[in-house]
Amino acid sequence: MVIRPRRNRKHAAIRDMVQENFLSVEHLIYPMFLTDGSGIKEEISSLPRNYRWSLDLMLKEIESSLSLGLNKFVLFPAVSDELKDQTATYSYAAENFYLHAIRAIKERFPEAILMSDVAMDPYSSDGHDGFVQDGKILNDETLPILAKMSIAQAQAGIDIIGPSDMMDGRVGYIREALDLEGFTDVSIMAYSAKYASAFYGPFRDALNSAPKSGDKKTYQMNPANKREALLEASLDMEEGADFIMVKPALAYLDVIHLLKEHSTVPITAYNVSGECAMVYAAAEKGWINYEAIVSEILMSMRRAGADGILTYFAKDFATFSNK
Ligand code: PBG
């Protein structure tokens with residue numbers, strides 16, 4: 001044998017030299033759930049190790065994350081049912097606790113990068129990402145609502161808007177609305193290839209945001225499709241997306257790879273709630289090594305081509321890497 005690939009694995013120093021991909025805390029974005037009130041840190045039953053935080057305790061969690069080098073956060077609001085309506089008016093209301101929290105966090109920690117969620121579901125009495133009429137999710141009627149929500153978040157100081165709604169044309173619509181208001185520096189991370197996935201279950205528990213009727217298959221993508229992701233990604237790039245996202249991530253590594261090959265903007269991957277919940281459950285049973293599995297899963301997303309990763313493992317990964 002002339003060629004023995006094992007020679008390049010014989011010593012840790014050589015293995016390190018030939019390592020092709022790297023993962024570190026800079027690549028990670030930490031998703032957190034915000035609730036109104038104070039002194040609240042409520043564990044999510046289907047997503048253990050993750051909580052609904054009130055602002056006061058979320059500020060402490062952000063501070064401790066920052067001390068570990070984890071400085072990017074995506075925030076989701078858990079809104080009580082009586083504030084929800086058909087047109088998601090609370091999403092841009094002046095008294096909205098989510099907008100207030102964005103302002104407070106940016107004021108206290110200007111070094112933290114904050115990303116929002118833009119979609120109607122946390123605020124919608126129908127539990128859908130778009131405006132529902134006669135059982136249909138209307139596309140063009142949803143866009144002005146998303147734009148109002150985005151402007152309200154920009155006014156509160158958000159760094160990155162994250163449209164997760166999958167309405168057609170929303171990236172361009174939001175970009176134009178932001179620019180008209182002078183928010184040309186606010187970025188858009190488009191949930192471009194977002195699939196109608198069963199992996200979102202724990203997230204919907206966290207926000208109590210499951211659809212009241214029907215499913216999300218008329219706007220989220222069919223898990224069987226890959227080429228269609230190219231169409232979604234190219235539209236979002238043309239419409240001004242600064243980043244394009246694939247979601248879920250672990251079961252869609254092929255899609256991450258495909259978009260990386262065909263895009264000119266950075267790719268992010270959302271390692272969603274159900275993907276993390278499976279790992280927490282197996283680790284709790286002692287069936288897997290949590291730390292090793294988390295690192296391997298996140299590395300697989302980097303290897304597939306993800307520049308950034310949204311993951312509930314972010315804080316734990318940051319903790320391991322600071323050991
Ligand atoms: C809703 C939204 C969802 C997630 C992020 N934004 C759920 C859905 O589309 O029903 C899921 C994230 C996760 O499961 O971690 N716009």
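The lining of the largest pocket in this predicted model divides into 2 nonpolar, 5 polar and 4 charged residues. The residues concerned are D126, H128, V132, G135, K136, I137, K212, S213, G214, D215 and T218, and the space that lies in this pocket amounts to about 170 Å³. V132 and I137 belong to this lining and count among its nonpolar members, whereas D126, K136, K212 and D215, which also line the pocket, count as charged.

Enclosed space was examined alongside the open pocket. Rolling a probe the size of a water molecule over the atoms shows where empty space is left. The structure holds 3 cavities of 30 Å³ or more, and about 100 Å³ of space lies in the largest of these cavities. A total of 14 residues line the largest cavity, with D121, S164, K194, F203 and K247 lying nearest its centre. With respect to secondary structure, strand 9, which spans residues 187-194, and helix 6, which spans residues 201-207, each supply at least two residues of this lining. By residue class, the lining of the largest cavity comprises 5 nonpolar, 2 polar and 7 charged residues.

The largest cavity is the space taken by the ligand. Around the ligand there are 17 residues, of which K194, R204, K247, S273 and Y312 come nearest, and the shell that they form divides into 7 nonpolar, 3 polar and 7 charged residues. K194 and K247 are thus named among the residues that come nearest the ligand and also among those that lie nearest the centre of the largest cavity.

Several side chains place polar atoms at short distances from polar atoms of the ligand. A nitrogen atom of the ligand lies 3.2 Å from a polar side-chain atom of D121, a residue that is also listed among those nearest the centre of the largest cavity. For S273, a polar side-chain atom is placed 2.7 Å from an oxygen atom of the ligand, while an N or O atom in the side chain of Y312 is found 2.6 Å from a ligand oxygen atom. On its own, the ligand has 400 Å² of accessible area, and the protein covers 100% of this area.

Two features of the backbone were also noted. The peptide bond that leads from K247 to P248 is cis, with omega near -10°; P248 is found in the loop between strand 10, residues 243-247, and helix 8, residues 253-262, and K247 is one of the residues that come nearest the ligand. Elsewhere in the chain, R49 has a positive phi of about 75° although R49 is not a glycine, and this residue lies in strand 3, which spans residues 47-53.

Technical notes: Residues numbered from 1 in each chain as written. Predicted model: local features only at pLDDT ≥ 70, side-chain atom pairs only at ≥ 80, totals over all residues. Heavy atoms only, no water. Near = heavy atom within 4 Å. Polar contact = N/O pair within 3.5 Å; in protein donor to acceptor, adjacent residues only side chain to side chain. Areas by Shrake-Rupley, 256 points an atom, 1.4 Å probe, with all protein chains shown as cover. 1 Å grid on protein atoms, 1.4 Å probe; cavity = no way out; pocket = protein on both sides within 12 Å on 5 of 7 lines; lining within 4 Å. Sits in = over half its atoms within 2 Å of the grid points. Points joined across faces, edges and corners; volume = space filled by probe spheres on them. Helix = DSSP H or I, 4+ residues; strand = E, 2+ residues; numbered from the N terminus.
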